[in-house]
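Okay, thanks for coming, everyone. Let me put the sequence and the structure up, and then I'll walk you through it.

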Amino acid sequence: MNRIVLTSRVSSDGVLYLSLPVGLADADQTVQVTVESFGPRMPMTQKEWSAWVESMAGSWQGDFERPPQGEYEVREPLS
């Protein structure tokens, strides 16, 4: 049986209903279902944000580079 990824929504009664036809060849087999939240996360607190920013300090590896910006566009005067 191949891995199947399915995105579904929990109903207003708090129950997740799944109907997934996998075919007769895979009938009578045991499967594993993993449920994880998918969607907007709770906003970070100021303390969590600060900790995340601090954890990023020094993590850049490599050189900073600014590629060529091209030529300045010459426009006709407005008046």
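Before anything else, the accessibility vocabulary: buried means under 20% relative accessible area, exposed means over 50%, and partly exposed is whatever falls in between, with a 1.4 Å probe and protein chains only. Now the housekeeping. This is a predicted model, so local features need pLDDT of at least 70 and side-chain atom pairs count only at pLDDT 80 or more, while totals for chains, interfaces and linings use all residues. Residues are numbered from 1 along each chain as its sequence is written, and side-chain values use heavy atoms, with hydrogens and water left out.

Let's start with the overall picture. The protein has 1 helix and 0 strands; those are DSSP runs, H or I with at least four residues for a helix, E with at least two for a strand, numbered from the N terminus. The radius of gyration is 26 Å, well over the 12 Å that the globule rule gives for 79 residues, so the protein is more spread out than a compact globule. For the record, that radius is taken over C-alpha atoms, and the rule is 2.2 Å times the number of residues to the power 0.38. If you prefer a box, the C-alpha trace spans about 75 × 40 × 35 Å along its principal axes.

What share of the 79 residues is buried? Just 1%. As for surface, the protein exposes about 9000 Å², and carbon and sulfur atoms supply 54% of that; areas here are Shrake-Rupley with a 1.4 Å probe, and for residues only the protein chains shown count as cover.

Next, aromatics. Rings of Phe, Tyr and Trp (the six-membered ring for Trp) pair if their centres lie within 6.5 Å; planes under 30 degrees apart are stacked, over 60 edge-to-face, and the rest tilted. Searching the whole structure turns up 2 aromatic pairs. In one of them, the ring centres of Trp-49 and Trp-52 are 5.1 Å apart with the planes at 35°, so that pair is tilted. Both tryptophans sit in helix H1, 3 residues apart, about one turn of the helix. Trp-49 is partly exposed at 42% relative accessible area, and Trp-52 is partly exposed at 41%. Then there's Trp-60 with Phe-64, a stacked pair, 5.3 Å centre to centre and 10° between the planes. Trp-60 counts as exposed at 54%, and so does Phe-64 at 72%.

On to charges. There are 6 positive and 11 negative side chains, and the centres of the two sets lie 7 Å apart. Lys and Arg are the positives, Asp and Glu the negatives, with His and the chain ends not counted; each charge is placed at NZ of Lys, CZ of Arg, CG of Asp or CD of Glu.

How many salt bridges does that leave us with, taking a side-chain nitrogen of Lys or Arg within 4 Å of a carboxyl oxygen of Asp or Glu? The count is 1. Glu-73 and Arg-75 make it through their side chains, at 3.7 Å, N to O, and both Glu-73 and Arg-75 are exposed.

A couple of distances for scale. Met-56 belongs to helix H1 and is partly exposed, at 39%. From Met-56 to Glu-76 you go 20 residues in sequence and 46 Å in space, C-alpha to C-alpha. Arg-66, in the segment after H1, is exposed at 67%, and its C-alpha is 30 Å from that of Pro-77, 11 residues along the chain.

One backbone oddity to finish. Asp-28, in the segment before helix H1 (46-56), has phi near 60°, a positive value in a residue other than glycine. Asp-28 is exposed too, at 85% relative accessibility.
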